[in-house]
Amino acid sequence: MNMRQIILDTETTGLSANNGDRLIEFAGVEMIDRRLTGNNLHLYINPERDIPEEAVAVHGITLEKLNEMNAPVFADVAQQIADYIRGAELIIHNASFDEGFLDMEFERLGMPRTKTITSDITDTLKMARDRYPGQKNSLDALCTRLEVDRSKRVLHGALIDCELLGEVYLAMTRSQFSLVDELMATTTASNNPAAGGQYQIKHAALPVVTPSSEELAEHENYLQALDKIAGAPCVWRQWQQDTEDKSK
């Protein structure tokens, strides 16, 4: 089964999903088996309220711009978003923020919460803090650390942030897949029906180490001691005899 992941980001009117702030931009970038597919979803959304100047300073999205582009309200795109993320693993930087806003918007419409719709949610901020403790782990800082080009990122924007986060995630997790990559490099995919279309792993022959005469003598002395304790041939001798009988 292919691993489907959605790198996800949102922009909002503010920082609190529980105190009246709303979603104004949604972006998702699809990745299957660690390859971008181009099946992206990018939406601007009318928040049905004002957008404070401090929020505009971060993402540059004004209510006037949203009205000019006839941006839909969330109710009009909720099912489209739910269908897009359904069954996928979400990759989000500071996941609780975006998840909180999606949950708020879904719940306003009586729809299931995000975790119910998706298969899993991975927080790259938590990943980065575990990997780089005590360091800055913002998306900008990670791009710099991992040499991801962010020259096109002037303002925060959901789509550009998804694209950058995708590169950051791949860079942070590359080592986790290196062992698998090595194994796959030593295998041969076969289209032969007789091979079942499976990867054929080439195993190196295991070395056979034979005991020396001294080791055999020591082993025999040990078995004789066991025979005396048991008052009969020990289990090892019985197994050895059974094995010899079956080979005849």
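Helices and strands are taken here as DSSP runs, with at least four residues for a helix and at least two for a strand, numbered from the N terminus. In the predicted model, the chain holds ten helices and eight strands. Of its 248 residues, 38% are buried. The accessible surface of the chain amounts to about 15,500 Å², and carbon and sulfur atoms account for 53% of this area. Among contacts between residues at least 6 apart in sequence, 63% join residues at least 24 apart.

The aromatic side chains were examined next. A pair of aromatic rings is described by the distance of the centres and the angle of the planes. With ring centres required to lie within 6.5 Å, the count comes to two aromatic pairs. One of them is formed by Phe74 and Phe106, in an edge-to-face arrangement with 5.7 Å centre to centre and 65° between the planes. Phe74 belongs to helix H3 (residues 74–85) and Phe106 to helix H4 (residues 95–108), so this pair ties together parts that are 32 residues apart in sequence. Both Phe74 and Phe106 are buried. Phe97 and Phe101 form an aromatic pair that is tilted, with 5.0 Å centre to centre and 50° between the planes. These two residues, Phe97 and Phe101, are four residues apart in helix H4 and are therefore separated by about one helical turn. Phe97 has a relative accessibility of 23% and so counts as partly exposed, whereas Phe101, at 1%, counts as buried.

Aromatic rings also take part in arrangements with arginine side chains. Arg4 lies over the face of Tyr84, at 5.5 Å from the ring centre. For Arg145, the charged end sits over the ring of Tyr132, at 4.5 Å from the centre of that ring.

Charged pairs were then considered. Side chains of opposite charge can pair when their charged atoms come close. A search of the whole structure yields eleven salt bridges. One of these joins Arg22 to Glu48, with the closest N and O atoms 3.5 Å apart. This pair links distant parts of the chain: Arg22 is placed in the loop between strand E1 (4–12) and strand E2 (23–32), and Glu48 in the loop between strand E4 (41–44) and helix H1 (53–59), 26 residues apart. The partners fall into opposite classes of accessibility, since Arg22 is buried with a relative accessible area of 7%, while Glu48 is exposed with a relative accessible area of 53%.

Asp83 and Arg86 also meet through their side chains in a salt bridge, at 3.0 Å from N to O. Asp83 has a relative accessible area of 44% and is thus partly exposed; Arg86, at 44% relative accessibility, likewise counts as partly exposed. A further salt bridge is formed by Arg150 with Asp140, the closest N and O atoms being 3.8 Å apart. Here Arg150 lies in the loop between helix H7 (139–145) and helix H8 (158–185), and Asp140 lies in helix H7, ten residues apart, and the pair links distant parts of the chain. Arg150 is partly exposed at 33% relative accessibility, and Asp140 is partly exposed at 30%. In addition, salt bridges that share partners join Asp21, Arg49 and Asp50 into one network.

The loop between E4 and H1, which holds Glu48, also contains Pro47. With a relative accessibility of 1%, Pro47 counts as buried, because residues under 20% relative accessible area are placed in that class. Leaving aside neighbours within four places in sequence, Pro47 is in contact with Thr13, Arg22, Leu23, Ile24, Leu63 and Leu66. Of these residues, Arg22 is the salt-bridge partner of Glu48. Ile24 is 23 residues from Pro47 along the chain, and the C-alpha atoms of the two residues are separated by 5.6 Å.

Finally, helix H9 was compared with its expected span. Helix H9 (residues 213–230) comprises 18 residues and reaches 26 Å from its first C-alpha to its last, which is close to the 26 Å expected at 1.5 Å a residue. Just after H9, Gly231 adopts a positive phi of about 70°.

Definitions and conventions: Residues are numbered from 1 along each chain as its sequence is written. This is a predicted model: local features need pLDDT of at least 70, side-chain atom pairs count only at pLDDT 80 or more; totals for chains, interfaces and linings use all residues. Side-chain values use heavy atoms; hydrogens and water are left out. Rings of Phe, Tyr and Trp (its six-membered ring) pair if their centres lie within 6.5 Å; planes under 30 degrees apart count as stacked, over 60 as edge-to-face and the rest as tilted. Buried means under 20% relative accessible area, exposed over 50%, partly exposed in between (1.4 Å probe, protein chains only). A charge sits over a ring if NZ of Lys or CZ of Arg is within 6 Å of the ring centre and within 35 degrees of the ring normal. The expected span of a helix is 1.5 Å times one less than its number of residues. A salt bridge is a side-chain nitrogen of Lys or Arg within 4 Å of a carboxyl oxygen of Asp or Glu. Contact means heavy atoms within 4.5 Å. Accessible areas come from the Shrake-Rupley method with a 1.4 Å probe; for residues, only the protein chains shown count as cover.
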